[in-house]
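This briefing is meant to be read slowly, with the sequence and the 3D view side by side. Please look up each residue as it is named, and follow the chain from one element to the next.

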Amino acid sequence: MRIGRGSPMPESPGIVVHSLYYIREGLLRTFRSSPSGGRKTLHLVGRGYFIFESYFLNRRPLQIDCDVLTDCLLMRFDAVTAGRLIQYDAFFSQRLLCSIALKMQLMGDDLVSIAYDRPTTRLRQCLASLAGMEQNDSLVHISQMQLAELLGVHRVSIGRMLLQMQKNGEVELGREKILLLPPFFASEELRWWNALLALPDNHFPDS
């Protein structure tokens, strides 16, 4: 299924998730809303990830929401099909486990909390995900304010982390753009992210 930027996802909070969704193209942001109306970003998910898989496996009502940041192409697997693939298809199972493991690494033990203890890791994951959406996969067009909103981190903190990354030779900062240099992609914190994207997804049928 194709979902345009800003369009609602097929699953919404409070509903039990009965399908697995695999992201072939695009970028999504998962978040939780506070009683005051604020949004706390959990993580960004893009090509190579599944979405809402922990709720699908636990059969719990969905407790998070999702923004479609760029036009997305999703593959939907109903419960019966997903169950058979998990049981009999090693590629499918590996892809699913990698997706869960990456989110656990990014978010910590609780997938519905925010891991502020590793903000630099979250920033690197965010930039790497955004880079995958660009035609030039080393250049990200985004402001520090937009990064701060996506990650739920103060803009000043984002600025400090980016300056340190620039000092380390990982990025070059421009006006509302960030050039990602080779040392950025060699970061240990991106090892699992790179490993997931290295897995081919042409194993999945187009329909």
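The points below begin with the protein as a whole and then turn to its sheets, a helix and some single residues. The model is a predicted one, and its secondary structure comes to eight helices and 10 strands. Of the 207 residues in the protein, 45% are buried.

**The protein as a whole**

- The average pLDDT, which is the predictor's confidence in each residue on a scale from 0 to 100, is 81 for this protein, and 82% of the residues score at least 70.
- Residues 109–117 call for caution in reading, since their pLDDT stays under 50, although the model has 22 contacts beyond four places in sequence for this stretch.
- Among the contacts with a separation of 6 or more, 67% are between residues that lie 24 or more positions apart.
- The protein exposes about 10700 Å², and carbon and sulfur atoms supply 52% of that area.

**The sheet of four strands**

- One open sheet has four strands in the order 1-7-2-5, and the pairing in this sheet is antiparallel.
- Strand 1 and strand 5 (50–51) stand at the edges with a single partner strand each, so one side of each is left without a neighbour in the sheet.
- Strand 2 (residues 19–25) and strand 7 (residues 72–78) run antiparallel and are joined by six bridges; Tyr 22, for instance, has Met 75 in strand 7 as its bridge partner.
- Helix 2 (residues 79–88) packs on this sheet, where it touches strand 2 and strand 7, and the direction of helix 2 makes about 85 degrees with that of strand 7.
- As general background for looking at any such sheet, the side chains of a regular strand alternate between the two faces.

**Ile 3, in strand 1**

- Ile 3 is found in strand 1 (residues 2–3), and Ile 3 counts as buried because its relative accessibility is 8%, where the cut-off for buried is under 20%.
- The C-alpha atoms of Ile 3 and Leu 74 are separated by 7.8 Å, even though the two residues are 71 residues apart along the chain.
- Once its neighbours within four places in sequence are left aside, Ile 3 is in contact with several residues, including Pro 8, Met 9, Val 68, Cys 72 and Leu 74.

**The sheet of three strands**

- Another open sheet has three strands in the order 8-10-9, again with antiparallel pairing.
- The edge strands of this sheet are strand 8 (139–140) and strand 9 (171–174), each of which pairs on one side only.
- Strand 9 and strand 10 pair in the antiparallel sense over four bridges, and within this pairing Glu 172 has Leu 179 in strand 10 as its bridge partner.
- Helix 6 packs on this sheet and touches both strand 9 and strand 10, while its direction makes about 130 degrees with that of strand 9.
- Strand 9 and strand 10 form a hairpin with two residues between them, and Glu 176 in the turn has a positive phi of about 55 degrees.

**Helix 5 and what surrounds it**

- In helix 5 (residues 144–151), the buried residues are Leu 147, Ala 148, Leu 150 and Leu 151.
- Seen down the axis of helix 5, these buried residues fall within an arc of 165 degrees, so they line one face of the helix.
- On the other side of helix 5, Met 145 and Glu 149 are exposed.
- The buried residues of helix 5 pack against strand 3 (27–33), strand 4 (39–46), helix 4 (119–131), helix 6 (155–167) and strand 10 (177–180).
- Helix 5 is followed by Gly 152, a residue whose phi is positive, near 70 degrees.

**Phe 52 and Glu 176, with positive phi**

- Phe 52 is found in the loop between strand 5 and helix 1 (53–58), and its phi is near 65 degrees, which is a positive value in a residue other than glycine.
- Phe 52 is also buried, because its relative accessible area is 4%.
- Glu 176 has its place in the loop between strand 9 and strand 10, and it too is a residue other than glycine with a positive phi, near 55 degrees.

How values were computed:
Residues are numbered from 1 along each chain as its sequence is written. This is a predicted model: local features need pLDDT of at least 70, side-chain atom pairs count only at pLDDT 80 or more; totals for chains, interfaces and linings use all residues. Side-chain values use heavy atoms; hydrogens and water are left out. Buried means under 20% relative accessible area, exposed over 50%, partly exposed in between (1.4 Å probe, protein chains only). The arc is that of the directions from the helix axis to the C-beta atoms. Contact means heavy atoms within 4.5 Å. Two strands pair if DSSP finds at least two bridges between them. Axes are lines fitted to C-alpha atoms, for helices over the stretch in contact, and angles run from 0 to 180 degrees between N-to-C directions. Accessible areas come from the Shrake-Rupley method with a 1.4 Å probe; for residues, only the protein chains shown count as cover.
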